[in-house]
Amino acid sequence: MAAVWAFVEQDGDQPTTLGLELLAKARQLGEVTAILLGPGSEAVFAALGEHGASSVLHLDAGDRLPAGPAAAALAERAKSDPPALILFGQAYNDRDIAGRLAARLGVGVLSNASNVRLAGGGVETEHEILGGTQVATASASQGPYIVLIRPQSFVAEATGGGIPPVERLDPPDMGQAEARITESHVEEREGPQLSEASIVVSGGRGLGAPEAYQLVEQLGKQLGAATGATRAIVDAGWVPYAKQVGQTGKTVKPDVYIACGISGAMQHLVGMKDSKTIIAINKDPDAPIFTIADLGVIGDVHKVLPKLIEALQSR
Amino acid sequence: MKVVVCVKQIPDPATPYRLEEGNNWLIRPEEQILDDTDRYGVEMGLQLAQASEGTVTLVSMGPAGNGQGIRQALAMGADKAILVEDNTLRGSDALTTARVLAAAIEKEEFDLVIAGTESTDGYSGVVPQMLAEILGVPALTYATKVETADGAVTIHRQTASGYDVVSSSLPAVVSVTAGVVEPRYPTFKGIMDAKKKPVDAFSIGDLGAERAPEQLVLSITAAPERAGGNKVEDDGEAHLAIVSLLEDRKVI
């Protein structure tokens, strides 16, 4: 069986959902070693076992920005006992560690993959390109293959394994070349996380002005939804980068996605087109978003949204 | 302070992207534009350099074409550009790109390298980190705020739940998110001056950079199409259609 490493970050006393999604795929492909980044705990190790990890490489970077030291420790370990495949998620620390690890090992990274296979000693990955209209199948010529998987590509599922053996990897001292985290700020967020919400309400340029994003927030609050945004209004500074849904941003697959004043640029569609139900409100009857919407309302968001919010409030 | 900003010329995202027959590489027209993502990095670099009477050097890899994208960044106020253009670099992956950029940057003295978080056309999202690894410096990534003082850099780093304050000594690589600063528009004088600013061209051979192991696009297939297209014109009551669909989907 091929050796497959899957990167998992610890969030509180549990692995992140993204990490568990990677474990679900990894156990289809081979013998799974989870790379755990975080302080570690009995509960988190047990969860990794339940999700198919037969061993754990545990990295705790403390207050150091993890990429440099984690990549150095993983590269040493990978050189002495190379896995066939290393899976990371398309997320902040994942990207940082994967990039530095790849540069250390002298191999490439297959980014933004929505699927991965091992066959005949080689790797094949699938990537949604051109706004999700096409699927590219790609390969790399030299392992260990490092693949970044988009969130929600696979479904996390416990299989009931026991607590796996844990090997602690000590991140080496990087000397001067080290970044440290001096403070952490948690921003107040109403409602669920964007990537885990069952309803997402997003806004785009059609809102006209940053203040109008309040309509998106009000509707989101009313529905218990997460709120998202297009790249256009993130670039314009109306909302933070963390809210960006799309190719360069988050992938969401909620039960219902409500696109408010979003024309449907390819950049955006790739991040939300797999939502179960899509509702779009836009003034332009020819907006591309309407071609994928289950319900398209040709109208002004400034008129439709207040009425919709009121109708929901009075229920 | 000597600031290097990585920039990329890309086909205008407002035009449909097409792939070359056979190798499936993105077709790059003669006229490409500065990736919007890079305007934030250029602006950040200019502000930091201006505060310290420093310089901003642009480093870019890819077909030069008519160089319009590079001129856009020079017109904003950067001092000069280094362009690595080489036919053998077509279809390069992130690691080859990072090695080439690192080799070009090493020709300069630098305190700070700034890059966007990911390009709009390739969006692998790992070049800044690879670059830092090859240069042997820290990468402070996903910055929503950047400050430098006393040979150190401090950023606000975007996280899933908020932001971290992260610091390191210089030299370092910083990747910036959109909105880190408000990019300026080039002035008429800036546009005229840009025409006279030096753009040095190198090949991969000049730099002695080594290509990464090859990555291949094996095939391209059409993704399953999503059926949609039920449209209603808002006559003042369209919100009721939305309420009824939300009820039907049992989310309210």
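Two residues are in contact here if their C-beta atoms, placed from the backbone, lie within 7 Å. Keep that cut-off handy for the exercises below, and remember that this is a predicted model.

**Exercise 1. Work out how many residues each chain puts into the contact between A and B, and what the B side is made of.**

Step 1: Apply the 7 Å cut-off. Chain A gives 79 residues to the contact, and chain B gives 73 residues.

Step 2: Ask which elements of chain B are involved. Those supplying at least two residues each to the side that touches chain A are the helices α3 (94–105), α4 (127–135) and α7 (238–248), along with the strands β7 (139–149), β9 (162–169), β12 (215–222) and β13 (231–233).

Step 3: Sort that side of chain B by class. You get 37 nonpolar, 24 polar and 12 charged residues.

**Exercise 2. Trace the sheet that contains β13(B), strand by strand.**

Step 1: Begin at the chain crossing. Strand β16 of chain A (residues 295–298) and β13(B) run parallel and are joined by three bridges.

Step 2: Pin down the register. V297(A) sits opposite V232(B), while I298(A) has E233(B) as its bridge partner.

Step 3: Walk through the whole thing. The order is β13(A)-β12(A)-β14(A)-β15(A)-β16(A)-β13(B), an open sheet of six strands with parallel pairing.

Step 4: Find the edges. They are β13 (226–229) of chain A and β13 of chain B, each pairing on one side only.

Step 5: Check the twist, which averages 20 degrees from one strand to the next.

**Exercise 3. Identify which strands α7(B) and α5(A) lie against, and how each helix is oriented.**

Step 1: Take α7(B). On the sheet, α7(B) touches β14, β15 (277–282) and β16 of chain A, plus β13 of chain B. The direction of α7(B) makes about 165 degrees with that of β16(A).

Step 2: Now take α5 of chain A (residues 213–223). This helix lies across β12 (199–203), β13 and β14 (256–260) of chain A. Relative to β12(A), α5(A) runs at about 175 degrees.

**Exercise 4. Decide how the overall dimensions of chain A compare with a compact globule, then look at its domains.**

Step 1: Count elements. Chain A has eight helices and 16 strands.

Step 2: Compare the radius of gyration with the globule rule. A compact globule of 315 residues would come out near 20 Å, so the 21 Å of chain A agrees. Along the principal axes, the C-alpha atoms fill a box of roughly 65 × 45 × 40 Å.

Step 3: Look inside. Of the 315 residues in chain A, 58% are buried. Among contacts with a separation of 6 or more, 67% link residues 24 or more positions apart.

Step 4: Split the chain. Domain 1 covers 3–169 and domain 2 covers 194–313, with C-alpha centres 31 Å apart. Their contact takes eight residues from domain 1 and nine residues from domain 2. The domain 1 side breaks down into two nonpolar, four polar and two charged residues.

**Exercise 5. Explain why β1(B) counts as largely enclosed, and name its neighbours.**

Step 1: Check burial. In β1 of chain B (residues 2–6), four of the five residues are buried, so the strand is largely enclosed by the rest of the structure.

Step 2: List its partners. β1(B) pairs in the parallel sense with β4(B) (residues 55–61) over five bridges, and with β6(B) (residues 112–116), also in the parallel sense, over three bridges.

Step 3: Zoom in on V4(B). Its bridge partner in β4(B) is T57(B), and in β6(B) V4(B) is bridged to V113(B).

Methods: Residues are numbered from 1 along each chain as its sequence is written. Chains are lettered from A and ligands numbered from 1 in the order in which they are written. This is a predicted model: local features need pLDDT of at least 70, side-chain atom pairs count only at pLDDT 80 or more; totals for chains, interfaces and linings use all residues. The radius of gyration is taken over C-alpha atoms; the globule rule is 2.2 Å times the number of residues to the power 0.38. A residue is buried if 20 or more other C-beta atoms lie within 10 Å of its own, exposed if 12 or fewer, and partly exposed in between; C-beta atoms are placed from the backbone. Ala, Val, Leu, Ile, Met, Phe, Trp, Tyr, Cys and Pro count as nonpolar, Asp, Glu, Lys and Arg as charged, and the others, Gly among them, as polar. Two strands pair if DSSP finds at least two bridges between them. Axes are lines fitted to C-alpha atoms, for helices over the stretch in contact, and angles run from 0 to 180 degrees between N-to-C directions. Domain bounds come from an automatic or database domain assignment.
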